[in-house]
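This briefing covers selected features of a predicted model. The points are grouped by topic.

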Amino acid sequence: MGPTLLAIESSCDETSAAVIRNGKVLNNIIATQSVHKNYGGVVPELASRAHQQNIVPVVSQALQEGDIDKSDLDAIAYTKGPGLLGALLVGGSFAKSMATGLGIPLIEVHHMQAHILAHFIDDPKPKFPFLCLTVSGGHTQIVLVKDYLNMEILGETLDDAVGEAFDKSAKLLGLPYPGGPLIDKYAKGGDPLKYPFPDSEIGDLNFSFSGIKTAFLYFLRDKLKENENFVLNNMNDICASLQHSLVQMLLKRLIKASEAHGINEIAIAGGVAANSGLRDALGKLANERNWHTFIPDFQYCTDNAGMIAMVGHYRYLNGSFADLDSSPEPRMKFQF
Ligand code: KG4
Ligand code: ZN
């Protein structure tokens with residue numbers, strides 16, 4: 001029998017705990033914080049407080065539903081970074097205290113590596129080597145995944161993450177946070193080619209979203225000058241066009257990476273992987289280019305402890321344990 005681990009995620013605005021036994025995720029308890037809705041983004045101090053309220057019930061539920069006694073645990077895995085310091089500290093301190101109390105090892109997990117290993121929670125699983133487009137509210141990366149714990153970043157954003165581009169644009173449209181899912185929803189009835197927004201060409205496989213964000217701001221400002229009801233009357237077309245432009249920016253680099261590395265095994269991960277425009281476009285590319293594409297189940301796309309548990313499992317097998325003075329790193333580097 002393989003190890004039984006408890007995993008804890010608290011890097012942003014989801015407090016989550018999961019139990020994994022012998023590489024199989026038994027449950028994935030997530031408490032989503034709705035307190036940020038009216039602020040246009042995650043408020044760090046409110047996130048820390050909500051994590052503090054949620055952490056004990058979420059961990060208890062994960063253990064209870066998994067029918068796991070604390071004494072069954074072989075180690076505790078937690079998100080070390082990247083993320084918000086105050087938020088990471090809640091999960092980190094909890095994990096450290098529990099591991100110390102139980103006399104079991106602590107395992108540090110990189111949040112973005114976890115988004116990638118979310119692909120190994122359920123079937124079908126990608127084969128190594130594969131490319132993973134990791135798209136969330138904090139990151140936008142194309143990663144060459146050589147093995148469970150051996151990964152290389154081929155390209156990443158130099159400024160905002162694509163999730164931020166969705167959320168900040170949504171805020172300009174008067175939508176609550178997180179606006180990404182709402183843009184997705186309104187895009188469904190709209191014309192994706194009505195208002196083209198520019199890609200910022202910066203060479204290589206890197207991304208920049210500050211240009212499109214500014215272009216969107218000026219576009220709205222000009223249109224609203226002409227007609228104050230422009231947004232209200234054209235919500236579907238605006239959202240469809242913005243979403244289409246953002247998705248094309250992502251897929252253009254992904255195609256480039258696939259061609260450069262001769263890899264047709266293609267995965268997407270992170271919160272923006274839930275976007276239906278991205279999913280549909282990826283499906284079309286899979287047909288055209290003979291790609292095998294992989295998208296995790298929705299609950300494993302956005303932040304969750306199931307994915308943290310998966311990394312914890314492989315690091316446990318590797319014997320990669322943390323010292324008990326382990327502490328969160330908000331800007332943790334991708335290091336494997
Ligand atoms: O991975 P995640 O839950 O948290 C971070 O690590 O950032 O990703 C959250 C991001 C938010 O920016 C949210 O707007 C975006 O994922 N998102 C979406 C959709 N669902 C979530 N963006 C576009 N379309 C969606 N359907
Ligand atoms: Zn995330």
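Strand 6 (residues 130–135) and strand 9 run parallel and are joined by four bridges. Strand 9, residues 265–269, also pairs with strand 10 (residues 292–294), again in parallel, through three bridges. The points below take up these strands in the predicted model, then the zinc site, the pocket and cavity, and some backbone details.

**Strands 6, 9 and 10**

- Between strands 6 and 9, L133 stands opposite I268 of strand 9.
- On the other pairing, E265 has H292 in strand 10 as its bridge partner. From strand 9 the chain passes through helix 8 (residues 276–289) to reach strand 10, a β-α-β crossover that is right-handed.
- Strand 9 is mostly covered, with five of its five residues buried.
- In a regular strand, side chains alternate between the two faces of the sheet. In strand 9, E265, A267 and A269 point one way while I266 and I268 point the other way, and all are buried.

**Zinc site**

- Which protein atoms are the donors of the zinc ion (ligand 2)? They are NE2 of H111, NE2 of H115 and OD of D303, at 2.0 to 2.1 Å from the ion.
- The spacing of these donor residues in sequence is H-x3-H-x187-D. H115 and D303 link distant parts of the chain, being 188 residues apart: H115 belongs to helix 3 (residues 111–117), and D303 to the loop between helix 9 (298–301) and helix 10 (305–318).
- H115 and D303 are both buried.
- Angles among the four donor atoms of the zinc ion (ligand 2) run from 92 to 149 degrees, and the site is irregular. The tetrahedral class requires all angles to lie between 85 and 135 degrees, so the upper value of 149 degrees rules it out.

**Pocket and cavity**

- The largest pocket has a volume of about 1,500 Å³. Its lining consists of 46 residues, of which C12, S136, G137, G138 and Y177 are the closest to the centre.
- Strand 3 (24–32), helix 3, helix 4 (162–172), helix 5 (180–187) and helix 9 are the elements that each give two or more residues to this lining. Helix 4 gives the most, with six residues.
- There is one cavity of 30 Å³ or more. The largest cavity holds about 50 Å³ of space, and its lining residues are E201, I202, G203, D204, N206, K252, R253 and K256.

**A residue of helix 9**

- Is C301, a residue of helix 9, buried or exposed? C301 counts as buried because its relative accessibility is 0%, against a cut-off of under 20%.
- C301 and L144 are separated by 157 residues in sequence and by 18 Å in space, C-alpha to C-alpha.

**Backbone details**

- The G81 to P82 peptide bond is cis, with omega near -10 degrees. P82 sits in the loop between strand 4 (75–81) and helix 2 (85–102).
- The D123 to P124 peptide bond is cis, with omega near -5 degrees. P124 is in the loop between helix 3 and strand 6.
- N22, a residue other than glycine, has a positive phi near 55 degrees. N22 lies in the loop between strand 2 (14–21) and strand 3, and is partly exposed at 45% relative accessible area.
- N290 is not a glycine but has a positive phi of about 60 degrees. N290 falls in the loop between helix 8 and strand 10, and its relative accessible area of 62% makes N290 exposed.

Definitions and conventions
Residues numbered from 1 in each chain as written. Chains lettered and ligands numbered in written order. Predicted model: local features only at pLDDT ≥ 70, side-chain atom pairs only at ≥ 80, totals over all residues. Heavy atoms only, no water. Buried < 20%, exposed > 50% of the residue type's maximum accessible area, 1.4 Å probe, protein only. Pairing = 2+ DSSP bridges. Right-handed = clockwise from strand over helix to strand, strands pointing away. Donors = N, O, S within 2.8 Å, 3.2 Å for Na, K, Ca; no water. Tetrahedral: all angles 85-135°; square planar, octahedral: opposite > 155°, others 65-115°. 1 Å grid on protein atoms, 1.4 Å probe; cavity = no way out; pocket = protein on both sides within 12 Å on 5 of 7 lines; lining within 4 Å. Points joined across faces, edges and corners; volume = space filled by probe spheres on them.
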